[in-house]
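Student: Hi, I have a complex open on my screen and would like to talk it through. Could you keep me company?
Tutor: Gladly; here it is for both of us.

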Amino acid sequence: MIHRIYSLFFGILLLFATPIYALEVIEILGGKASEIPIAIVPFEGLENIGGQKAHQIISSDLNRTGLFRPLNTRGISNSPSSDININYTKWSSMDAQFIVVGKVESENPISGNIKITWSLIDIFKEKTVVSMRYIGKKSQYRAIAHKVSDNVYEHLTGSKGVFHTKIAYVKKVNNKKYSLNVADFDGFNSRPILNTTQPIISPRWSPDGEKIAYVSFEKKKPVIYIQNLRTGKRTLLANFKGNNSAPAWSPDSRKLAIVLTYNQNSQIYTINADGSGIKQLMRSNAINTEPSWAPNGEDIYFSSNRGGSPQIYKVNINDDEISRVTYEGKYNLSPSISYDGKLLIFLTNDQGKFKVAIQNLISNQVLKISEGPADESPIFAPNGHLVLFTYKDYGKTTKIGTVSINGLKRLPINVGSSIIQEPTWGPITN
Amino acid sequence: MEELQLKKSLLLLSLVALLGAGCSSTPLDGPGDPSAASNYYGTDAATAEALGLDELRGNTLLSQRSVFFDFNKYDIKPEYLDLIGAHAQYLNNHAPARMIIKGNADYRGSHEYNLSLGQKRSVAVKEALNALGVDDSQIETISYGEEYANQECQADACGQDRRADITYEVE
């Protein structure tokens with residue numbers, strides 16, 4: 001098992017752009033050892049703002065990725081708050097390979113703005129990797145801490161962090177109230193953008209970050225809306241005879257793949273985001289659904305039972321050429337493709353347990369990264385390093401959580417006690 | 001007399017349904033589907049008598065409305081053929097009658113795949129009716145997938161959710 005994680009992981013890491021520390025990252029691969037030990041030292045000064053502490057936010061961010069092992073820094077005396085006079089021997093003896101230090105100060109007593117100065121320090125090389133300063137409102141404190149996490153992540157892995165991104169999900173209360181909500185990636189600052197008495201499924205965030213497409217049953221059958229996040233205004237994208245569902249954005253946010261039935265079984269169509277130019281993609285007597293647009297703009301992954309049981313296939317939108325993608329397991333659904341087109345995640349039925357699986361599309365190696373028994377709706381983070389999915393809490397209530405693509409860290413996202421389902425993840429924005 | 005009252009109020013109800021349908025199709029910003037609204041709700045001339053409502057309400061096979069399926073399956077089991085036969089005969093005898101078949105699935109698997117599976121189930125019932133001479137213009141197939149299913153059922157109990165429900169527009 002550890003070997004499988006190692007080799008799948010090795011492949012992924014080789015795909016990274018060349019970061020300053022790429023070599024070190026690759027050298028320490030293998031099971032638990034692949035997690036970089038890092039100490040996020042409590043920040044000096046006004047760190048506690050309304051019960052929030054920067055070092056805890058950063059630590060929790062990095063912990064989620066399965067690539068870092070934040071060390072316990074409680075009770076450490078004479079902690080540094082800058083990269084001056086670092087006791088490298090002491091941190092080295094604690095197994096810290098890197099440390100993050102910083103301080104929080106009042107920048108302007110009139111505006112109430114705060115100033116956060118921080119450094120990432122390499123303990124082995126005894127040098128500072130990066131030092132930065134952020135100034136912002138107190139209300140932006142969590143956002144600033146997430147920005148620090150993004151910078152640490154990018155410096156140590158070569159890939160952009162997703163700690164400053166947003167997610168959306170459907171909340172269901174007593175089978176009577178449904179809402180579509182937007183929140184920070186870790187569940188904080190959630191707010192509803194739609195309330196209705198009928199089910200909402202399949203929200204999908206546009207790659208340009210501006211809109212969310214979703215399926216609503218408000219018209220007593222599924223129809224597709226697109227809602228603008230800035231104005232809150234929504235338009236009806238598809239209300240054809242029969243069902244309208246499963247919207248999937250093209251990489252340029254100008255088109256969507258959707259599923260229509262027209263009194264027959266589910267088939268995939270493409271349509272412009274303004275509702276014009278509807279076109280059927282392929283025809284078959286089998287179910288074709290859950291389209292997911294590959295970043296090359298030409299391939300659409302989808303699930304189909306054309307071979308008997310549901311499996312993942314892909315179709316080229318130019319020539320309708322279809323090829324089968326998943327072979328392991330008898331029941332595979334819900335494809336989602338990483339931003340670089342190299343990894344596929346999907347839902348697999350593993351002897352009655354529904355789990356999230358990841359497939360390297362180059363080697364076709366498959367690894368199950370969640371435990372089940374009733375996991376669903378896997379969707380990639382915009383950097384392809386984390387997966388958002390749903391699971392049943394105590395076997396009963398559906399909740400959302402993240403799992404790292406190496407399968408090492410599965411952690412809940414707490415957004416309340418209701419049923420939380422059908423998540424989607426927004427893009428990385430500046 | 002009482003019966004006549006009932007028929008009148010049913011007629012009124014179907015008129016209300018017609019008006020409602022007209023309204024709901026206007027504010028579409030999307031492309032819309034011309035056949036959806038006009039074909040489907042085109043029962044202006046239909047009267048309660050022409051629809052044979054008494055027959056529908058009677059204690060016959062026509063009052064049975066659900067066809068059940070196995071997990072991840074949509075083939076119709078032989079025990080439902082009598083039920084489907086009765087509804088086919090009803091539709092053939094009452095040309096203005098309009099049926100809506102609503103497919104469902106249990107909660108296991110993805111919401112979207114279950115929506116497709118529920119659709120396959122409603123289409124399977126439609127095709128069985130087609131085979132008995134019923135025209136497509138009398139039937140609309142839709143699916144609710146797992147959206148109204150019991151989210152906590154275990155194994156066999158989930159069977160209640162794997163079904164297609166027959167409804168008539170006048171009801």
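Student: Let me start with chain B: what share of its contacts with a separation of 6 or more comes from residues 24 or more positions apart?
Tutor: In chain B that share is 77%. A contact here means that the C-beta atoms of two residues, placed from the backbone, lie within 7 Å. This is a predicted model, in which local features need pLDDT of at least 70 and side-chain atom pairs count only at pLDDT 80 or more, while totals for chains, interfaces and linings use all residues. As for labels, residues are numbered from 1 along each chain as its sequence is written, and chains are lettered from A and ligands numbered from 1 in the order in which they are written.

Student: What is the order of helices and strands in chain B?
Tutor: Along the sequence, chain B reads α-α-α-β-α-β-α-β-β, with five helices and four strands in total. Helices (H or I, at least four residues) and strands (E, at least two) are DSSP runs numbered from the N terminus.

Student: And what is the mean pLDDT of chain B?
Tutor: The mean for chain B is 77, with 71% of its residues at 70 or more. pLDDT is the predictor's confidence in each residue, from 0 to 100. Residues 1-45 of chain B stay under 50, and the model has 40 contacts beyond four places in sequence for them. Where pLDDT is low, the predicted coordinates should not be read in detail.

Student: How does chain A do on pLDDT?
Tutor: Chain A has a mean of 90, and 92% of its residues reach 70 or more. Its residues 1-32 stay under 50, though. For the complex, the predictor gives an ipTM of 0.88 and a pTM of 0.86.

Student: What is chain A built from?
Tutor: Chain A has five helices and 32 strands. The domain assignment, which is automatic or from a database, gives domain 1 (2-157) and domain 2 (166-425). The C-alpha centres of these two domains of chain A are 32 Å apart.

Student: What radius of gyration does chain A have, against that of a compact globule?
Tutor: Chain A has 23 Å, which agrees with the value near 22 Å for a compact globule of 430 residues. The radius is taken over C-alpha atoms, and the globule rule is 2.2 Å times the number of residues to the power 0.38. The C-alpha trace of chain A spans about 75 × 50 × 40 Å along its principal axes.

Student: Now the interface: how many residues of chain A are in contact with chain B?
Tutor: 39 residues of chain A are in contact with 28 residues of chain B. On the chain A side, β15(A) gives the most, with four residues. That side divides into 15 nonpolar, 17 polar and seven charged residues. Here Ala, Val, Leu, Ile, Met, Phe, Trp, Tyr, Cys and Pro count as nonpolar, Asp, Glu, Lys and Arg as charged, and the others, Gly among them, as polar.

Student: Let's zoom in. Why is β13(A) described as largely enclosed?
Tutor: Because six of the six residues of β13 (residues 211-216) of chain A are buried. Buried means 20 or more other C-beta atoms within 10 Å of a residue's own (exposed is 12 or fewer, partly exposed in between), with C-beta atoms placed from the backbone. A:K211, A:A213 and A:V215 point one way from the strand, while A:I212, A:Y214 and A:S216 point the other way.

Student: Which strand joins β13(A) by six bridges?
Tutor: That is β14 (residues 223-228) of chain A, running antiparallel to β13(A). Strands pair if DSSP finds at least two bridges between them. A:K211 has A:N228 as its bridge partner in β14(A). The hairpin of β13(A) and β14(A) has six residues between the strands, and A:K220 in the turn has a positive phi of about 65°. β12(A) also pairs with β13(A), antiparallel over four bridges, and A:R204 stands opposite A:A213.

Student: Last one: is A:F389 buried or exposed?
Tutor: A:F389 counts as buried because it has 25 C-beta neighbours inside 10 Å. A:F389 sits in β29 (residues 386-393) of chain A. Not counting residues up to four places away in sequence, A:F389 touches several residues, including A:V356, A:S370 and A:V403.
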